[in-house]
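User: I am a first-year student and would like a close look at a single part of this protein chain. Please take me through the sheet and the helices that go with it.

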Amino acid sequence: MENNSTAFWHNKLKQLQAIVIIPTYNNAKTLEDVIRSVRFYTENILVVNDGSTDETASILSREAIGLYTITHPTNQGKGTALKHGLCKAKALGFRYAITIDSDGQHFASDIPAFIEAIEQAPDTLLIGARNLSSDNMPGKNTFANKFSNFWFTLETGVKLQDTQSGFRLYPLQKLNVDAWYYTAKYEFELEAIVFASWKGIKVTNIPIHVYYPPQEERVSHFRPFQDFTRISILNTVLVLVTFLWIYPRNFLRKLTWTNAKRFFSEHITRSKESNLKITLAIMLGIFMGIAPVWGYQMLITLFLAYVFKLNKVIAIVAANISLPPIIPFLLYASYYTGCKVTGVSTDLNFSDLSLENVTSVIEQYLIGSIIFAGISSLLAGAIVFSLLSVCRRHQTT
């Protein structure tokens, strides 16, 4: 059986338990061609009609034989369409779902590239990487993709060339598609890969072809201001979760006796850095871990460690003083310090939620957190420097 025949690819995707999902909204001009091109590779196709008001229903009626469909009475957004499609595909028992847009920009002929990649690395989440310098590539797409790539790296530590392409392969059995996700529109595709990476699923790019028709022929439902605003809000939330939960969680998972001994050996006892440099790195981390910049402690710590040429690993480890179990103590200690410094009562009146009371509590916390962070940093520095002076006499300061 030749590997360029319909029978070969139908059998191949059937063996891999793969289905192709096509979300669509008012793309009647291109939908039929997309469905027929995908049918060369598989008979398992799911089209999600997201409230289309054009000829989409008629096209699906003509192509109905062997086609799975979901129809939304009204438009609910691409994110909801994808979520419903992925949930149904998982419920049907498929292991993988390849998603392809219905606007004709993607080529079904790239499906073999996804199949080859998933056979080499099973249960990976694959994202088709477009050539961002191709002809007719909208400038707003290039900027939005670079913007999205930056935040994805910050939130996961994974670098990707393209995080916004809708041509993807999802490992359904590894994803909690029926429980995850909160967004309904374009931002879903970013949320999905961030959650997957947090879950430990490998997320990577594979090169694909893309066609951008001339401006006058394009059908796009992306609304730059509204959708970009939603994506920005999502990234703000994801960054907060990253630094308040994901990074501390990952740190605790790696906090084994073996790793601890390795860390102290490499960065403390056998380090070529002076006692003073090590102490300053720890002081920086302690200060930033307590300072009122929740969600950005790690990022600022890395930047300052780079500026002052301090050990970044030590600084980041020290900044993890703000682990979730310790956060309540740090919050109250900061508030208590602020109250003592300004002479305000430390009693918290939860029955009075007036703007004045809430503002006062926040003010005491902000003042106290800076002072408490400074005191904690100095105290930790004194203890650490004393211990290092005893344990590392051979090092100079």
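Analyst: The following account begins with the sheet, continues with its helices, and ends with a contact between two further helices. The model is a predicted one.

The chain contains 14 helices and 7 strands. The 7 strands build an open sheet, and their order across it is β3-β2-β1-β4-β6-β5-β7, with mixed pairing. At the edges lie β3 (67-72) and β7 (203-207), each of which pairs on one side only. From one strand to the next, the twist averages 20 degrees. In general, strands of a sheet pair through backbone hydrogen bonds, and the pairing is either parallel or antiparallel.

One pairing may serve as an example. Strand β5 (residues 125-129) runs parallel to β7, and 5 bridges join the two. Within this pair, G128 is found opposite I206 of β7.

Helix α2 (residues 28-39) packs on the sheet, where it touches β1 (18-24), β2 (45-50) and β3. The direction of α2 makes about 175 degrees with that of β1.

Helix α4 (residues 78-91) also belongs in this picture. Its length can be checked by a short calculation: at 1.5 Å a residue, the 14 residues of α4 should span 20 Å, and because the end C-alpha atoms are 20 Å apart, the expectation and the model agree. Several residues of α4 are buried, namely K78, G79, T80, A81, L82, G85, L86 and A89. The buried residues of α4 pack against the strands β1, β2, β3, β4 (96-99) and β6 (168-171), and also against helix α7 (188-198). Just after α4 comes G93, which takes a positive phi of about 95 degrees.

A contact between two other helices may be set beside this. The axes of α13 (residues 327-342) and α14 (residues 355-391) come within 6 Å and cross at roughly 100 degrees. Therefore α13 counts as roughly perpendicular to α14. Residues of α13 in this contact include F329, L330, L331 and Y335, while those of α14 include V361, Y365, I367 and F372. The residues of the contact of α13 with α14 comprise 12 nonpolar, 7 polar and no charged ones.

Finally, two values describe the chain as a whole. Of its 397 residues, 48% are buried. Among contacts between residues at least 6 apart in sequence, 76% join residues at least 24 apart.

How values were computed
Residues numbered from 1 in each chain as written. Predicted model: local features only at pLDDT ≥ 70, side-chain atom pairs only at ≥ 80, totals over all residues. Heavy atoms only, no water. Pairing = 2+ DSSP bridges. Helix = DSSP H or I, 4+ residues; strand = E, 2+ residues; numbered from the N terminus. Axes fitted to C-alpha atoms, helices over the stretch in contact; angles between N-to-C directions. Contact = heavy atoms within 4.5 Å. Expected span 1.5 Å × (residues − 1). Buried < 20%, exposed > 50% of the residue type's maximum accessible area, 1.4 Å probe, protein only. Parallel < 35°, antiparallel > 145°, perpendicular 65-115°, else oblique. Nonpolar A, V, L, I, M, F, W, Y, C, P; charged D, E, K, R; others polar.
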